[in-house]
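Reader: I would like a close look at one part of this protein. Please pick a single strand and walk me through its surroundings.

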Amino acid sequence: MVRILVIEDEPGIAFSLESDLETEGYQVEVVDDGAKAVPRALAQTFDLILLDVMLPNKDGYEICRELRHRGLKIPIILLTANAQEAEKILGLDVGADDYVTKPFSPRELRARIRALLRRTTSASNEKDGESRSQGIHRFGPCELDLTRFELRRNGEAIDTTTTELKLLAAFVRNRGRLLSRERLLDEVWGTGIAVTDRVIDNHVVSLRKKIEDEPAAPRFLISVRGAGYRFDG
């Protein structure tokens, strides 16, 4: 299911967007404060962001600029009541993919969302190229081959458990994103499985020994204190 983050402080507009997009089959989350927007956008995996320009504590331009600076590449559509050309140019310059002026037609907005999602999927497929289509993810001296379900380092297969491979696969699919332990639990062990945080941490420690040059000072599997882990491969 496509996940959309709506960053909008006007309750009426936020409610309308959430209801309309959920009716279209999207999973929607809403943030109503600029200061909360960046942490929320980076904490989970979203496919698209609808971002209001005028927000309390931090405006949409600053949020968009920071998200791009942090490496987030998903489509961002700016929402604003200002129709001046200079404002639109500024929005595109800070990294927005599209710009919709309020009041807007829900039908037009849905069409723009579909177009951006199609474009993103197509670009991702082209960028991944043949090796990614074959299920090979490379980082440093390592390769995670999902076709053979195998981890290799400098071309040599590494003895790795199925759970470790599933955990590493979850990380490489979400490169650069913070993954909470709860999210990792759902992706690797599945819902309804009783696994403690300590079990997840132990698997991360084991993976580091296999992919890191210096496990005590990891380059790829980064701990984010109190929040989870991020894969920077």
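Author: Here is a close look at strand S1, followed by the nonpolar cores. Keep in mind that this is a predicted model.

S1 covers residues 3-7. Five of its five residues are buried. In a regular strand the side chains alternate between the two faces of the sheet. Now take the two sides of S1 in turn. Arg3, Leu5 and Ile7 lie on one side, and they are buried. Ile4 and Val6 lie on the other, and they are buried too. Both faces of S1 are therefore covered.

Next, the partners. S1 pairs with strand S2, residues 27-31, in the parallel sense. Five bridges join S1 and S2. At one spot, arginine 3 stands opposite glutamine 27 of S2. S1 also runs parallel to strand S3, residues 48-52, with four bridges between them. There, leucine 5 has isoleucine 49 of S3 as its bridge partner.

What links S1 to S2 in the chain is part of a unit. S1, helix H1 (residues 11-23) and S2 form a right-handed β-α-β unit.

Now step back to the cores. The largest nonpolar core has 24 residues. Among those with the most contacts inside this core are Phe139, Leu168 and Phe231. Several elements each supply at least two of its residues, including strand S7 (142-145) and helix H7 (181-189). Helix H6 gives the largest share, seven residues. A second, separate core has 23 residues, with Val38, Leu42, Leu67 and Ile74 among them.

Finally, one residue of the largest core, Phe139. Beyond its close sequence neighbours, phenylalanine 139 touches residues including Leu151, Leu168, Ile211 and Phe231.

Conventions:
Residues are numbered from 1 along each chain as its sequence is written. This is a predicted model: local features need pLDDT of at least 70, side-chain atom pairs count only at pLDDT 80 or more; totals for chains, interfaces and linings use all residues. Side-chain values use heavy atoms; hydrogens and water are left out. A nonpolar core is a set of buried Ala, Val, Leu, Ile, Met, Phe, Trp, Tyr and Cys residues joined through side-chain atoms within 4.5 Å. Buried means under 20% relative accessible area, exposed over 50%, partly exposed in between (1.4 Å probe, protein chains only). Contact means heavy atoms within 4.5 Å. Two strands pair if DSSP finds at least two bridges between them. A crossover is right-handed if, with the strands pointing away from the viewer, the path from the first strand over the helix to the second runs clockwise. Lists of a residue's contacts leave out its neighbours within four places in sequence.
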